[in-house]
Amino acid sequence: MKRHALCIRRGWKHAVPVILLFFLLAAAAVPFGASARWNKVFSFFGLGGFSSYADGWPACVHILDVGKADSILVECKGHWMLVDGGTPEKGKIVVRYLKRRGVTRLDYVVNTHPDEDHVGGLKDVLEDFPVQHYLATKVRPDLIPEDSAYLDTMAALRRKGLPEEIPKPGDQFSLSSMEICVLGPVVPGNSTNNSSVILMLRYRSIRFLLTGDAEKEEEQSLLAAGENLSADMLKVGHHGSNTSTCAEFLKAVHPKYAAISVGYDRNKLPKAEVLKRLSLAGTKIYRTDVEGTILFLTDGKTITVKTEK
């Protein structure tokens, strides 16, 4: 009997690699990579990857590690929105992350503003995924970029036959049961940064504020508009530059958590003054240059944070 049990255990041990190989080959045959169902299978064998922490949660905000750039994946009950796509060289990385997460189509792609580190990677995203809506800001004609990052993304948008939608403050839409409200730009910006699309995400009682690269001027316009800016999580503007996250704005938001999407560059971001202001406000700070990709998981009542590193 013992020998029989030992043989069974040995047989199962040898069978596991074959089973895993079968799953991997089957996943590769899926046009958009491993779906959410395959991710659950992989998770059972401990192969689900970091993003599988989001499995079983109704909503999650993924702050992707794309260096000194922005790319944010928002998911709610099988629906998806991507806010910015990083630089052109990070586009493939963003696409791979989305495919591993099981994304097969995007309800919304939002380009907060047309700077290279926000728009550049969206070309690859547009080429790899069906997209229902593409939202972007309107900038003054003299601020429209002429670099390849912007022009290549616009060309990909035209090839898709997808119109560029310009949301206005007060516009609302939904991602499954998550409510999304456009707060800004309230007034035409004097720079691309101060023309950033500002989004408030609400899932039940939990609120996420995404600010693009908004600087003090746009923050002040939001304050003057009298909007309720309070949020549980703040995506810190302009990668932690001292041009953003002014004390008055931070007091109005009063976030429990802050996410800074940043990587090494000559400006040595995030700035110490910004980190100090956040710390004095009692905000828990997460940085992609330190923690890698950051997941804010929520059931609508609380937030659980998972970091890649």
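Student: Where should I begin with C76 in this model: is that residue buried or exposed?

Tutor: C76 has a relative accessibility of 0%, so it counts as buried, the cut-off for that word being under 20%. Please keep in mind throughout that this is a predicted model. C60 can be read in the same way, because its relative accessibility of 2% also makes it count as buried.

Student: Since both of these are cysteines, how many disulfides does the count give?

Tutor: The general idea is that a disulfide is a covalent bond between the sulfur atoms of two cysteines. In this structure, where a pair of cysteine sulfur atoms would have to lie within 2.5 Å, the count comes to zero disulfides.

Student: Before going further into details, how many helices and strands does the chain have, and what share of its residues counts as buried?

Tutor: The protein chain holds ten helices and 15 strands, and of its 309 residues 52% count as buried. When contacts with a separation of 6 or more are considered, 64% of them are between residues 24 or more positions apart.

Student: How do I read a sheet, and in which order do the strands of the eight-stranded one stand?

Tutor: In general, the strands of a sheet pair through backbone hydrogen bonds, and they may do this in either the parallel or the antiparallel sense. Here the eight strands form an open sheet with mixed pairing, and their order is β6-β5-β4-β3-β2-β1-β14-β15. At its edges are β6 (164–165) and β15 (303–307), each of which pairs on one side only. For a parallel pair, look at β4 (residues 106–111) and β5 (residues 131–136), which are joined over five bridges; within that pair, N111 has A136 of β5 as its bridge partner.

Student: Which helix packs on this sheet and touches β1, β2, β3, β4 and β14?

Tutor: That is helix α3 (residues 91–101), whose direction makes about 15° with that of β2. Another helix to look at is α6 (residues 148–160), which lies across β5 and β6 and runs at about 140° to β5.

Student: How can I check the length of α6, and which of its residues are buried?

Tutor: With 1.5 Å for each residue, the 13 residues of α6 should span 18 Å, and this agrees with the 18 Å between its end C-alpha atoms. As a general guide, an α-helix has 3.6 residues a turn, so residues three or four places apart point the same way. In α6 the buried residues are A149, Y150, T153, M154, A155, A156 and L157, and among the elements that cover them are α4 (116–119), α5 (122–128), β5 and β6. L151, which is also found in α6, counts as partly exposed because its relative accessibility is 42%. Leaving out residues up to four places away in sequence, L151 touches P145 and E146. After α6 comes G161, with a positive phi near 70°.

Student: What is the strand order of the seven-stranded sheet?

Tutor: This open sheet, again with mixed pairing, has the order β7-β8-β9-β10-β11-β12-β13. Its edge strands are β7 (172–175) and β13 (284–287), and each has a single partner strand, so one side of each is left without a neighbour in the sheet. On average, and with direction ignored, neighbouring strands in this sheet are turned by 20° against each other.

Student: Which residues lie on the covered face of β7, and how does β7 pair with β8?

Tutor: The covered face of β7 carries F173 and L175, while the uncovered one carries Q172 and S174. β7 runs antiparallel to β8 (residues 178–184), with four bridges joining them, and F173 stands opposite I180 in β8. Two residues lie between the strands in this hairpin, where S176 takes a positive phi near 55°.

Student: Where is T283 placed, and what does its side chain reach?

Tutor: T283 belongs to the loop between α9 and β13, and it counts as buried because its relative accessibility is 7%. Its side chain reaches the backbone oxygen of P255 at 2.9 Å. Beyond its neighbours within four places in sequence, T283 has contacts that include K256, Y257 and L278.

Key
Residues numbered from 1 in each chain as written. Predicted model: local features only at pLDDT ≥ 70, side-chain atom pairs only at ≥ 80, totals over all residues. Heavy atoms only, no water. Pairing = 2+ DSSP bridges. Contact = heavy atoms within 4.5 Å. Axes fitted to C-alpha atoms, helices over the stretch in contact; angles between N-to-C directions. Expected span 1.5 Å × (residues − 1). Buried < 20%, exposed > 50% of the residue type's maximum accessible area, 1.4 Å probe, protein only. Polar contact = N/O pair within 3.5 Å; in protein donor to acceptor, adjacent residues only side chain to side chain.
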